[in-house]
Amino acid sequence: MVKIALLIGVSKYHSGLTPLPASTKDVEAMYRVLQNPELGDFDQVNKLVNPNKQEMEEQIEAAFASTRKKDDLVLLFFSGHGVKDERGRLYLANRITRKTEQGELIKATAVAASFIHDIMDNCRSRRQVVILDCCFSGAFAEGLLAKDDGRVDVRTQLGGEGRAILTSSSSMQYSFEQKGLELSIYTNYLVEGIKTGAADQDCDRMISVDELHGYAKEKVQAVVPAMKPEIYAIKEGYKILLAKAPIIETLPLASSEETLPAGVPNSGKKNISSVPAQVQAPVDFVPISSNQPKLKESSPLNRQEYRHRQILLNKVRNAWIKGVLEKSLHGQVMIALGLEERLNMVESPAVLVWETSNQHQQTLPLGTKVIDQFDELGIGRTLLILGEPGSGKTITLLELARDLINRAQRDVNLPMPVVLNLSSWKDGKQTIADWLILELNNQYQVSKDIGKVWVKEGKLLLLLDGLDEVRNNIRDNCTQALNQFLQQQGETEMVVCSRIKDYAALKSRLHFQAAISVQPLKREQIQQYLTSVGDSVAAVSTALQTDSQLQELAASPLMLNIMAIAYQGMSVEDLPSMNLEQRRQQIFNAYIDRMFSRRGADDRYPKPKAMGWLIWLAQRMVQESQTVFLIEQMQPSWLQTRMQKWLYVIGIVFIFLLLVWLMADRHYWDLFFQVASIIFGSLICWFLFGFHSIKTVEILKWSGFYTIKNIAIGGFLGSALGVLIRVILGLTWHLLNPNTPISHSSVESVIRGMTFGLSIGLLIGIIRGITGKNIDTKTIPNQGIWQSLKNSIFFALIGFILLAAIAITVKSWSMMASWSIFFLGTFGLVFGFAAGGGEACVKHLSLRLILYFNKYIPWNYARFLDYATERIFLQKVGGGYIFIHRLLLEHFASMSLNNNRSRPFE
């Protein structure tokens, strides 16, 4: 396999085409990353700068030579003008390309896309990549140099099997150069994605075509939203591997003067103020403050540690920043939230950092960023965020998380920000360290071994929401546990969110350095927002002038946004007159009605049924103190009646007995052995799997010494246990049948027990060994169950092969001749299926059937939850779902399921 790249850059043109000085620099930048053996590792990288038509065509034909082998990778990169003719056909311009006085392309001077297509078709390589940093049509933007115009069907003109085409803009848009920057915008982020490894989204140490394009597209649109890079790929084209992702052991902190977005070159001649407004730093870029605490450098990370770190950061970003913050209902209210210091709410163990002139409460200037306040606290930062319901506490926390993630991805010495909800802390005696390890496993699929190391070594920056959602009777215990954790962990940094009234009612106070409170919206901010929405909410704007209750509700960003949706198009006379709580409930009901009737609504789920399912879900989440709902984490505790719980247990017992019957040694048809096998088998299944919890088996990875150690331990313990059980059974049989000689069966029993126990021990060791230390890279709805099913089939095959092989090996022994290869193989198949994740699938299926037949949930639960997300009742968080706000969750939970039951569950 050979990797060949041809890089073409054209910066000089005849009159009629604008010079593009960045194009040749694009070629140089791409050359540096592609020829680097630690990055692109291309065998041959050819540069072609300002060629004429003949030179371009000859070099393209040479790159896509017919002598290339099937597995060869051929990459063509072009930066310059793309021009279209009157029929919409694409041509790549070169230094001799000209247009007529009427502005029409002289085709003989340019390289036709059809020529490149023919050359690529004649090439045997089935891994072909074309990257075009040129434009095909669009509009002209002030301060940007358009590379040309036109509309081109790129897929038709350049597409093909095993081929990927990456373009800097769609066929209806311009591609841009940025004045003052050395590289074209799209190429700049392609180079950055490879050079920094940031494009390695699945953290497998390789950068595929779709990963590189996805990274560049996101970065480009953050800087120039008008640009929409596109990818056109056929079959395996998306997954062509272009480069290796480097391991960045230490990234230096940026100075306070570095204010350009990461990856946008700064030549030293331009600063951010000289860049046009259209390309100011994207909102998620946060320069590192000079107040940020400087941490000592940690030991360099190995490949696996770096991979685990990047996976967790990507999971937190995708789940909470992209999934919640950027899509938040009230996060779309573009109003700066006011902050106020509340130092009387915490017991600071040291001298306060913020100067407050002896005031416990001090309003901070409007526009103050929480990241700046957090930075002022120094090493071991701890901050409490308070506020009224719907005031924007969680949004403030997630904005802080976004900024901290951006930093952590640039500097591996910084701790990893992780967002968790304290509502799942249910045991008043549970330590925060143990809770963190469990939550990392449940929410982010981090193995408990890795989580334990991260917690112990202070690798995490904890962003904990929902202290007020912890059960009231253990909330003080939770506060004390947090204080104890901080005392033990030393420099671990932490931010906690809580409703101010619930926190104020606690007997204990957090021993934090500082506290801030998110302030209600001011009248001017409310009116400004309603004015921006338009005339559709004019009635609300008018009523606010005199209605004090409405004013109080509107002071919450959440309620203001929901109010604008619920009362859209209504007149002043239509607005209800109620007390405060009645009006709050009425606004939520109106919002729910509006969402069910919004555009795109269909009859997949009639409103009565959907309401019933949402009410039941909300009530169970409140009952379980659960904020994020994952389908695979539904437990038997969600069953409501004693009959339902008994049916669930009976179903599981039946499956266990069926498994035992399949695994029982039916060579002995004596009733004693049948009963003994059933009892022992049932006890083992109960001991291994239990009835009261469902634990999925999701991650498979060979972990070297860890896997070998588990196999060795499993083999030893299995052998010992097998011998013990066999001896006990043999002695019991002899006591019940004294006339039976013991000498004939004792040695055989011991060997049979040891061999059988060894087989099972090895199988358990393999299962534990390759489902141990790791962190999963994907999160989709119900992923845990589907992955457990796949893994159970895999382990069932391993079990069958392992035990059947042992039976064949010992078959030649005369005293073992009675062993059945089919019996042992079947035993291994069934046991491997159960222990490898099948038991979780069986339990989950039993639970889902009971809930479905009781009409608490639809059969395709994930599809319904996606539907509720489309109606903006829920939001996706990774593979789970949350209600858009706790207030809406509480509103659904407060509804009577019985009153709705006659309609939703008919």
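**Contacts and bridges in a predicted model**

Q: How many disulfides does the count come to?
A: This is a predicted model, in which local features need pLDDT of at least 70, side-chain atom pairs count only at pLDDT 80 or more, and totals for chains, interfaces and linings use all residues. Residues are numbered from 1 along each chain as its sequence is written, while side-chain values use heavy atoms, with hydrogens and water left out. A disulfide is a pair of cysteine sulfur atoms within 2.5 Å. By this rule the count is 0 disulfides.

Q: Is Cys841 buried or exposed?
A: Relative accessible area decides this: under 20% is buried, over 50% exposed, and in between partly exposed (1.4 Å probe, protein chains only). Cys123, with 1%, is buried. Cys841 has a relative accessible area of 12%, so this residue is buried.

Q: What percentage of the residues of the protein chain count as buried?
A: Let's step back to the whole chain. Its secondary structure comes to 28 helices and 22 strands (DSSP runs numbered from the N terminus: helices are H or I with at least four residues, strands E with at least two). Of the chain's 906 residues, the share that counts as buried is 54%.

Q: How many salt bridges does a search of the whole structure find?
A: Side chains of opposite charge can pair when their charged atoms come close. Here a salt bridge means a side-chain nitrogen of Lys or Arg within 4 Å of a carboxyl oxygen of Asp or Glu. Asp375, Arg381, Arg407 and Glu493 are joined in a network of such bridges. Across the whole structure, the search finds 17.

Q: Which residue forms a salt bridge with Asp468?
A: Asp468 sits in the loop between strand S18 (460–465) and helix H12 (475–489), and its partner is in helix H27 (residues 886–894), so the pair ties together parts 418 residues apart in sequence. Asp468 is buried, at 5% relative accessibility, whereas the partner is partly exposed at 22%. The closest N and O atoms are 2.1 Å apart, and the partner is Arg886.

Q: Which residue meets Glu218 in a salt bridge?
A: Glu218 belongs to helix H6 (residues 209–223), and its partner lies 104 residues apart from it, in helix H7 (residues 303–325). Glu218 is partly exposed, with a relative accessible area of 38%, and the partner also counts as partly exposed, at 27%. The N to O distance is 3.4 Å, and the residue is Lys322.

Q: What is the N to O distance in the salt bridge of Lys876 and Asp866?
A: Lys876 is in strand S21 (residues 874–877) and Asp866 in helix H26 (residues 861–870), 10 residues apart. Lys876 is partly exposed at 33% relative accessibility, and Asp866 is partly exposed at 24%. Their side chains meet with an N to O distance of 3.2 Å.

Q: How are H19 and H27 oriented to each other, roughly parallel or roughly perpendicular?
A: Axes are lines fitted to C-alpha atoms, for helices over the stretch in contact, and angles run from 0 to 180 degrees between N-to-C directions. Helix H19 (residues 607–623) and H27 pack at about 110°, with axes 7 Å apart. Angles under 35 degrees count as roughly parallel, over 145 as roughly antiparallel, 65 to 115 as roughly perpendicular and the rest as oblique. The two helices are therefore roughly perpendicular.

Q: How many nonpolar residues are in the contact of H19 with H27?
A: Contact means heavy atoms within 4.5 Å. Met611, Leu614 and Ile615 are among the H19 residues that meet Leu889, Phe892 and Ala893 in H27. Ala, Val, Leu, Ile, Met, Phe, Trp, Tyr, Cys and Pro count as nonpolar, Asp, Glu, Lys and Arg as charged, and the others, Gly among them, as polar. The contact has no charged residues, 1 polar one, and a nonpolar count of 9.

Q: How many polar residues are in the contact of H18 with H27?
A: The axes of helix H18 (residues 580–596) and H27 come within 11 Å and cross at roughly 90°, which makes the two helices roughly perpendicular. On the H18 side, the residues include Gln585 and Asn589, and on the H27 side His891 and Ser894. Alongside 6 nonpolar and no charged residues, the polar count is 4.
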